Amino acid sequence: MKPIHIIPHTPFEKLPSGVSRFWGNPDLPEGVDYPMYIDDEGEQYPYIFVCQINLDELHRFAPDNPLPSGGLLSFFAKIDHYLGYMGDSELGGFISDPSEVKVLFFPDTDNMREVVLVDDDDMQTAPEEMELRFARRAEPLSEEHELFANPDHRPWATWDHPFEDWIILLQIDSFEGKDFILNFMDFGVLDFLISPQALAAADFSDVRGIVLST
């Protein structure tokens, strides 16, 4: 599978529910809560919402891709400190345990609602949403946001055992916008890894993360 490049754009207006987006707030079905984790001191915190991919949009662009042909795939991670916030995370240069990232798959986009996190002053905590477009080729010097990326930033021949054959489901590059700076260890990348067997079964319960520095 060749990489599918993801290009963020600032939208002209509020994006509709269920479409592909970077940042902003996730669309979740009724009855599904925003994903949270428990830190080492027993306190509960929200994962950072990274992006959501409308799989129908993706399938129309790349019918041969191995993801389901419809639904929504949403990516969350403990990347608070890579955004300059205080936060608890072990995401670094080694393949993480499953709790450091979370990927949710929803088979359809009906009856979804935007779930907004706010701070103590009732202000939205997430960076402003960005529209996502897909491309076969990236522009020169553009960020390396990609589905099914090649492991170009990996300094080893394979991933560590037992993850040797795992695939980069999504790669997020360091970049910045008008209200955020995302920097993965000296302008590196965050890779979401999945096993080929889990990808074929559309099972996203054991996705791992790793940050690779340039």
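A charge is taken to sit over a ring if NZ of Lys or CZ of Arg is within 6 Å of the ring centre and within 35 degrees of the ring normal. In this predicted model, the charged end of Lys-78 meets that description with respect to Tyr-37, sitting over its ring at 4.3 Å from the centre. A second case involves Arg-154, whose charged end sits over the ring of Trp-159, 4.7 Å from the ring centre.

The aromatic rings also pair with one another, and the count comes to 13 aromatic pairs. One of these joins Tyr-34 to Phe-76 in an edge-to-face arrangement, with 5.6 Å from centre to centre and 80° between the planes. This pair links distant parts of the chain, 42 residues apart: Tyr-34 belongs to the loop between strand S3 (27-29) and strand S4 (36-38), whereas Phe-76 lies in strand S7 (residues 72-77). Tyr-34 has a relative accessible area of 11% and is therefore buried, since the cut-off is under 20%. Phe-76, at 0% relative accessibility, is likewise counted as buried.

Tyr-37, the residue whose ring lies beneath the charged end of Lys-78, forms an edge-to-face pair with Tyr-47, at 5.1 Å centre to centre and 65° between the planes. Because Tyr-37 lies in strand S4 and Tyr-47 in the loop between strand S5 (44-46) and strand S6 (48-54), the pair ties together parts that are 10 residues apart in sequence. Both Tyr-37 and Tyr-47 are buried.

Elsewhere, ring pairs link four residues into a cluster, namely Phe-22, Trp-23, Phe-175 and Phe-180.

Notes:
Residues are numbered from 1 along each chain as its sequence is written. This is a predicted model: local features need pLDDT of at least 70, side-chain atom pairs count only at pLDDT 80 or more; totals for chains, interfaces and linings use all residues. Side-chain values use heavy atoms; hydrogens and water are left out. Rings of Phe, Tyr and Trp (its six-membered ring) pair if their centres lie within 6.5 Å; planes under 30 degrees apart count as stacked, over 60 as edge-to-face and the rest as tilted. Helices (H or I, at least four residues) and strands (E, at least two) are DSSP runs, numbered from the N terminus. Buried means under 20% relative accessible area, exposed over 50%, partly exposed in between (1.4 Å probe, protein chains only).
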